[in-house]
Amino acid sequence: MSTDCLFCKIIAGELPSEQVYSDDKVVVFKDIDPKAPIHLLIVPRVHIISLNEIDDDALTIHMMRLLPKLAKDQGLNNGFRTIINTGPAGGQIVFHIHIHLLGGGNLSGTGFAM
Ligand code: 5GP
Ligand code: ZN
């Protein structure tokens with residue numbers, strides 16, 4: 001855990017979140033400022049800064065395989081969007097790696113924008 005990391009504090013229960021799923025590897029909670037009717041953040045329990053730093057293959061696969069299951073649980077049967085922002089120029093503002101899962105509206109044609 002990184003003591004000055006927002007997501008580490010959420011995972012530790014020191015800050016509130018609307019959690020929808022958790023297991024031994026990840027916690028999933030609702031984004032505080034949703035960009036779609038459903039906007040979840042898939043966050044590993046371990047503090048990894050970004051995609052540039054991740055080297056855990058099992059964790060990577062776990063998160064990827066979890067995405068369609070979460071989408072199905074959320075009723076996103078017609079599709080969903082995943083985003084990983086990496087580094088300041090990539091739009092990352094919380095430096096604890098996370099995958100955005102968005103859906104619930106029609107995101108087709110909205111390009112790269114969140
Ligand atoms: P990034 O730009 O780093 O990929 O995305 C960070 C995301 O975290 C943003 O979508 C932002 O709305 C969300 N966020 C920031 N602070 C909080 C918070 O305290 N709680 C929750 N649930 N989400 C947050
Ligand atoms: Zn962290």
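1. Two strands are taken to pair if DSSP finds at least two bridges between them, and strand 1 and strand 2, which are joined by 3 bridges and run antiparallel, therefore count as a pair. The structure discussed here is a predicted model, and the points below should be read with that in mind.

2. The link between these two strands is a hairpin, in which 3 residues lead from strand 1 to strand 2. Within the pair, Tyr21 of strand 1 stands opposite Val28 in strand 2, which gives a convenient place to begin when following the register by eye.

3. Taken as a whole, the sheet is an open one, made of 5 strands in the order 1-2-3-5-4 with antiparallel pairing. Its edges are formed by strand 1, covering residues 19-22, and by strand 4, covering residues 81-83, each of which pairs on one side only. From one strand to the next, the twist averages 20°.

4. Further into the strand order, strand 3 (residues 38-44) and strand 5 (residues 99-103) run antiparallel and are joined by 5 bridges. Here Leu40 stands opposite Leu101, the latter belonging to strand 5.

5. Turning to the ligand, the space that ligand 1 takes is the largest pocket. The residues that surround ligand 1 number 17, and the closest of them are Asp31, Gly91, Ile93, His98 and His100. Helix 1 (6-11) and strand 2 (26-30) each supply at least two residues of this shell, and helix 1 gives the most, with 3 residues. Strand 2 thus deserves attention on two counts, since strand 2 contributes to the shell around ligand 1 and is also joined to strand 1 by 3 bridges.

6. Three polar approaches to oxygen atoms of ligand 1 may be set side by side, with the backbone or side-chain origin of the protein atom stated in each case:
   - for Ile93, a backbone N or O atom lies 2.7 Å from an oxygen atom of ligand 1;
   - for Val94, the distance from a backbone N or O atom to an oxygen atom of ligand 1 is 2.9 Å;
   - for Asn85, an N or O atom in the side chain is 2.9 Å from an oxygen atom of ligand 1.

   As to burial, ligand 1 taken alone exposes 520 Å², and 86% of that is buried by the protein.

Technical notes
Residues numbered from 1 in each chain as written. Chains lettered and ligands numbered in written order. Predicted model: local features only at pLDDT ≥ 70, side-chain atom pairs only at ≥ 80, totals over all residues. Heavy atoms only, no water. Helix = DSSP H or I, 4+ residues; strand = E, 2+ residues; numbered from the N terminus. Axes fitted to C-alpha atoms, helices over the stretch in contact; angles between N-to-C directions. Near = heavy atom within 4 Å. Polar contact = N/O pair within 3.5 Å; in protein donor to acceptor, adjacent residues only side chain to side chain. Areas by Shrake-Rupley, 256 points an atom, 1.4 Å probe, with all protein chains shown as cover. 1 Å grid on protein atoms, 1.4 Å probe; cavity = no way out; pocket = protein on both sides within 12 Å on 5 of 7 lines; lining within 4 Å. Sits in = over half its atoms within 2 Å of the grid points.
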